[in-house]
Structure formats: C-alpha cells, structure tokens
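Here is a friendly walk through one fold, taken strand by strand and helix by helix. Keep the viewer open as you read.

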Amino acid sequence: MTVSKGHKSEVDAILTLTRACGKHLRDNGIDQWDENYPDRGTIVQDLGTETLFAYREDNEVLGIVVLNEQQDEEYSQIKWSTSNQDKNIVVHRLAVRPDQQGKGLGRKLMDFAEQWAKDNNYDAIRLDTFSQNPRNQRFYTSRGYTDLGPVYLKYKKDHPYYCYELLLKTTD
C-alpha cells in the first residue's frame, strides 16, 4: 500500500476513477456526483496545489483523497467545535474505485488523512457527506466524527449534506 501525492501524469486515471465512482453512486440511487463532478479542471487544480493524495497498488491509482483548507461558504452556517482561526483541514473528494470498494481502502485513505493532519499540526478535520449516502454517514461516525448538522450546498440544493468534524487537539 502506498499513499502519496498524486502526479500530474495521473490526471486521466484519476478522472476515470472519479467518473466510475459517480456512476456507481447513481446506479445505487445516490445522486451525489454527476457526470461533470469532479471535472478535469478540479483534478488538475488539486494536483497543481499538491493536495490530492493517491492510494496505489502496483503503480495503479485505486483511491484518492484531497486535503486542503478550502471550505464551502455554506460551512459558515455550522457551529464547529473549532474556530476558523484554528488550523482546520477539510477532506474533499474521497473516492475508491468501485471494483475495489469493500476492501478497506477508504479506511486506509482516512487513516492516512488523519495522520497527515496530525503530523501537520491541524486542530480538526472537517468534511461533508451527502445526506442520501447512509454508508458514508456510518463510516464517519464509526471513526469518531461528530455530525454537526446539515447544509445545502449551492450546487446541490435538492438534499442536504451533513457536516462532520473530528477534533485532533483539545480546544480551550
């Protein structure tokens, strides 16, 4: 198992992975990612800012996670345990190739993300997950994340996204 920064040469493999994930979600009645999200520009930006990390086996990308400090503006509606003056990292675009799901790769990617956040002195990890995806909700609560409430993201107004937080340091 190797998790490390994604490479610009992997953009097509990553797009193939995320498109397969979006289709898999839709095929299972979860309208979370459409055919256009994430798009090439988003993936290229993630790679350019060195915030996309890839899980690889035999040099093949089987999963990704993006870790950065960018928060959707709707996050301001949530009463977070940490303030925006604290050092908070946000998980974006966690994805595992559908034919590899159920093998613990998502858990390994989140183990990596949590350790990376601790190693880089973050106070908390923030993320959101689609309200129509109960599997993801169980995944995050089983890892100790606290559900802090729903937001309606500007690009997806039909169902809310639930915001979760994991404290890495105690706050005063």
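## Strand β2 and its neighbours

Let us begin with strand β2, residues 52-57, which is mostly covered: five of its six residues are buried. Please bear in mind that this is a predicted model. On one side, β2 pairs with strand β1 (residues 2-5) in the antiparallel sense, over four bridges. If you would like a landmark there, look for S4, whose bridge partner in β2 is A54.

Strand β3 (residues 60-68) also pairs with β2, again antiparallel, and here six bridges are found. Within this pairing, L52 has V66 of β3 as its bridge partner, while F53 stands opposite V65 in β3. As a reminder, side chains in a regular strand alternate between the two faces of the sheet.

## The whole sheet

Now zoom out. In what order do the seven strands of the open sheet run? The order is β1-β2-β3-β4-β5-β7-β6, and the pairing is mixed. At the edges sit β1 and β6 (146-153), each of which pairs on one side only. From one strand to the next, the twist averages 30°.

## Helices on the sheet

Helix α3 (residues 105-119) packs on this sheet and touches β1, β2, β3, β4, β5 (124-130) and β7 (156-167). The direction of α3 makes about 160° with that of β4. Helix α1, in turn, lies across β2, β3 and β4, and runs at about 85° to β3.

Which residues of α2 are buried? They are I43, D46 and L47. These residues are on the same side of α2, because the arc they cover around the axis is only 95°. The elements that cover the buried residues of α2 include α1, β2, β3 and β4. Just after α2 comes E50, and its phi is positive, near 55°.

## Backbone points worth a look

A little background helps here: most residues other than glycine have a negative phi, and most peptide bonds are trans. With that in mind, two residues make a nice pair to inspect. D58 has a positive phi near 50° although it is not glycine, and R93, likewise a residue other than glycine, also has a positive phi near 50°.

Where do D58 and R93 lie? D58 is in the loop between β2 and β3, in a hairpin that has two residues between the strands. R93, by contrast, has its place inside strand β4 (residues 88-96). Is D58 buried or exposed? D58 has a relative accessible area of 79%, so it counts as exposed. R93 has a relative accessibility of 12% and therefore counts as buried, the cut-off for buried being under 20%.

One more spot deserves a visit: the peptide bond that joins Y37 and P38 is cis, with omega at about -10°. You will find P38 in the loop between α1 (11-27) and α2 (40-48).

## Pulling it together

For a quick tour, start from β2, with five of its six residues buried, and follow its antiparallel pairing to β1 on four bridges and to β3 on six. Then add α1 lying across β2, β3 and β4, and α3 packing on the sheet. Finish at the backbone points: the cis bond between Y37 and P38, D58 in the β2-β3 loop, and R93 in β4.

Notes
Residues numbered from 1 in each chain as written. Predicted model: local features only at pLDDT ≥ 70, side-chain atom pairs only at ≥ 80, totals over all residues. Heavy atoms only, no water. Buried < 20%, exposed > 50% of the residue type's maximum accessible area, 1.4 Å probe, protein only. Pairing = 2+ DSSP bridges. Arc of directions from axis to C-beta. Contact = heavy atoms within 4.5 Å. Axes fitted to C-alpha atoms, helices over the stretch in contact; angles between N-to-C directions.
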